Amino acid sequence: MILPIVAYGDPVLKQVAKDIEIGTDLKSLVDDMFETMYEAHGIGLAAPQIGKSIRLFIVDGTQLEDEDEPILKTFKKAFINPTILEETGKPWAMEEGCLSIPGIRENVSRKEKLTIRYYDMDWKLHEETYDGMAARIIQHEYDHIEGKLFVDYLSPLRKRLLKGKLANISKGITDADYKMRFPLASKAR
Ligand code: NI
């Protein structure tokens, strides 16, 4: 089932998400999240973006072809109750976008490497280290469950320049071609 993606301005995107009870059956929710993400052509989606303030996000970097990063070929999974244990390396900038903030892409600087502990769909615990694009996707999605968005990293000037665009997204004024839920939609019409 395709779920509406929550747009910028919704309070759920600012909340620190709660841990999920161990053993909870997440299969149908995760299936729906993958379907929703693919419909929107995303490479990552966090539960707050479908309105659920729980510590869960999914990624699929398998379409990002990169000879230097063979791990991406199998980088499709759900991260449940994740904790980033360590981030190391030199910060590098990359243009990011977000399904909750359609039409805006900005450079964000993040450290190159991380170690994350998380549960998989069978509630098996993993501890893994990632770098490159995989780390970047994890950092962006992990921020979502910490109530943080990539635009929070922008300079005050840059943020001011985008203010009107962001306000429009909250009102539903966007050309996103996927199903969304807008916090201020009723006031806009
Ligand atoms: Ni995002």
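1. Gln 49 is found in the loop that joins β2 to β3. The model discussed in this note is a predicted one. Gln 49 has a relative accessible area of 1%, and it is buried because this value falls under 20%. Setting aside neighbours within four places in sequence, Gln 49 is in contact with Pro 4, Ile 5, Val 6, Leu 13, Gly 44, Cys 98, Leu 99, Ser 100, Glu 141 and His 144. Two residues in that list, Cys 98 and His 144, return in the next point as donors of the nickel ion.

2. The metal site deserves attention next. The nickel ion has as its protein donors the SG atom of Cys 98 and the NE2 atoms of His 140 and His 144, at 2.1 to 2.3 Å from the ion. Along the chain, these donors are spaced as C-x41-H-x3-H. Helix α2, residues 132–145, holds both His 140 and His 144; the two are four residues apart, which is about one turn of the helix. His 140 and His 144 are both buried.

3. A general remark introduces the interior. In soluble globular proteins, nonpolar side chains tend to be buried together. Here the largest nonpolar core contains 38 residues, and the members with the most contacts inside it are Met 33, Leu 45, Leu 56, Ile 58, Ile 101 and Val 151. At least two residues of this core come from each of β1 (5–6), α1 (27–39), β3 (56–60), β4 (76–88) and α3. The element that gives the most is α1, with five residues.

4. Leu 56 may serve as an example of packing. Not counting neighbours within four places in sequence, Leu 56 is in contact with Ile 20, Leu 29, Val 30, Met 33, Ala 46, Ala 47, Pro 48, Ala 78, Phe 79, Ile 80 and Ile 145. Apart from the largest core lies another core, of 19 residues, which includes Phe 57, Phe 79, Ile 138 and Ile 145. Phe 79 and Ile 145 are thus named both among the contacts of Leu 56 and among the residues of this other core.

5. The strands form an antiparallel arrangement around β7. Strand β7 covers residues 113–119 and is mostly covered, with five of its seven residues buried. On one count, β7 pairs with β4 in the antiparallel sense over six bridges, and Arg 117 in β7 is the bridge partner of Thr 83. On another, β7 pairs with strand β8 (residues 125–131), also in the antiparallel sense, over seven bridges. Within β8, His 126 stands opposite Tyr 118. A hairpin is formed by β7 and β8 with five residues between them, and Trp 123 in the turn has a positive phi of about 60 degrees.

6. Helix α3 should be checked for its length and its course. This helix comprises 16 residues (156–171), so at 1.5 Å a residue a span of 22 Å is expected; its end C-alpha atoms are 22 Å apart, in agreement. There is nevertheless a kink of about 50 degrees in α3, centred on Lys 163. The buried residues of α3 are Leu 162, Leu 166, Ile 169 and Ser 170. Just after the helix, Gly 172 takes a positive phi of about 95 degrees.

7. Two further residues with positive phi, neither of them glycine, should be noted. His 41 has a phi near 55 degrees and belongs to the loop between α1 and β2 (44–46). Its relative accessibility is 68%, so His 41 counts as exposed, the cut-off being over 50%. Asn 81 has a phi near 45 degrees and lies in strand β4. With a relative accessible area of 11%, Asn 81 is buried.

8. Asp 19 completes the note. This residue is in the loop between β1 and α1. Is Asp 19 buried or exposed? Asp 19 is exposed, because its relative accessible area of 55% is over 50%. Apart from residues up to four places away in sequence, Asp 19 touches Arg 55 and Asn 81. From Leu 149, Asp 19 is separated by 130 residues in sequence and by 19 Å in space, C-alpha to C-alpha.

Note on methods:
Residues are numbered from 1 along each chain as its sequence is written. This is a predicted model: local features need pLDDT of at least 70, side-chain atom pairs count only at pLDDT 80 or more; totals for chains, interfaces and linings use all residues. Side-chain values use heavy atoms; hydrogens and water are left out. The expected span of a helix is 1.5 Å times one less than its number of residues. The bend at a residue is the angle between axes fitted to the seven residues ending there and the seven starting there. Buried means under 20% relative accessible area, exposed over 50%, partly exposed in between (1.4 Å probe, protein chains only). A nonpolar core is a set of buried Ala, Val, Leu, Ile, Met, Phe, Trp, Tyr and Cys residues joined through side-chain atoms within 4.5 Å. Contact means heavy atoms within 4.5 Å. Donors are N, O and S atoms within 2.8 Å of the metal (3.2 Å for Na, K and Ca); water is not among the atoms, so sites may look incomplete. Two strands pair if DSSP finds at least two bridges between them.
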